[in-house]
Amino acid sequence: STGRAVSDSFKVLSGKARVGITGGQLCAVSGLGNLVGSGADTFTIGDVVFYGGCSGAAFKGVALQTVASGGTVPVAVEGVFILQAAGGVSGGQAVATAGDSSVEGLGSTTIMNYNHIIGRAITSAGSEGWCVVHIRA
């Protein structure tokens, strides 16, 4: 299952889809498609290549559209989404990716040992439930 946007106010980075990506999937960057120079005019959409279903520190954002392999995919690197909880999540709790396109809540001792917090839950959810999350890649 994939997440859904709660608002239409996002910070977005668009890139090329390495494989088919479903809107709402948590995405990562697979690498640069091309070399980028120091000038803004050297950057093109194909310079950043995304794939869906990431976890951990690889997380870069949430796909805003479903696209086929090779298509241009807009990825929100900050925004508010409804995401599925892999375990219990409490409102206000820091969250991390739990694999594919779900999140897990992090306790205070876990946060110190965890490599990548992707955002904070706004609402609570039980395991396999849905919660509102403010993500920030």
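In the predicted model, Glu78 counts as buried, its relative accessibility being 17%, because that value falls under the 20% limit applied to buried residues. The side chain of Glu78 nevertheless takes part in a salt bridge with Arg136, for which the N to O distance is 3.3 Å. This contact connects distant parts of the chain, since Glu78 belongs to strand S6 and Arg136 to strand S10 (residues 130-136), with 58 residues separating the two positions. Through shared partners, the salt bridges unite Lys11, Glu78 and Arg136 in one network.

The structure contains two salt bridges. In the one that pairs Glu78 with Lys11, the closest N and O atoms are 3.4 Å apart; here again distant parts of the chain are linked, Lys11 being located in strand S2 (residues 11-17) and Glu78 in strand S6 (residues 72-85), 67 residues apart. Lys11 is exposed, with a relative accessible area of 51%, whereas its partner Glu78 is buried at 17%.

Aromatic contacts were also examined, and a search of the whole structure returned one aromatic pair. This pair is formed by Phe10 and Phe81, whose rings are stacked, with 5.3 Å from centre to centre and 20° between the planes. The two residues again come from distant parts of the chain, 71 residues apart, with Phe10 in the loop between strand S1 (4-5) and S2 and Phe81 in strand S6. As regards accessibility, Phe10 is partly exposed, with a relative accessible area of 23%, while Phe81 is buried, the corresponding value being 1%.

Definitions and conventions: Residues are numbered from 1 along each chain as its sequence is written. This is a predicted model: local features need pLDDT of at least 70, side-chain atom pairs count only at pLDDT 80 or more; totals for chains, interfaces and linings use all residues. Side-chain values use heavy atoms; hydrogens and water are left out. A salt bridge is a side-chain nitrogen of Lys or Arg within 4 Å of a carboxyl oxygen of Asp or Glu. Helices (H or I, at least four residues) and strands (E, at least two) are DSSP runs, numbered from the N terminus. Buried means under 20% relative accessible area, exposed over 50%, partly exposed in between (1.4 Å probe, protein chains only). Rings of Phe, Tyr and Trp (its six-membered ring) pair if their centres lie within 6.5 Å; planes under 30 degrees apart count as stacked, over 60 as edge-to-face and the rest as tilted.
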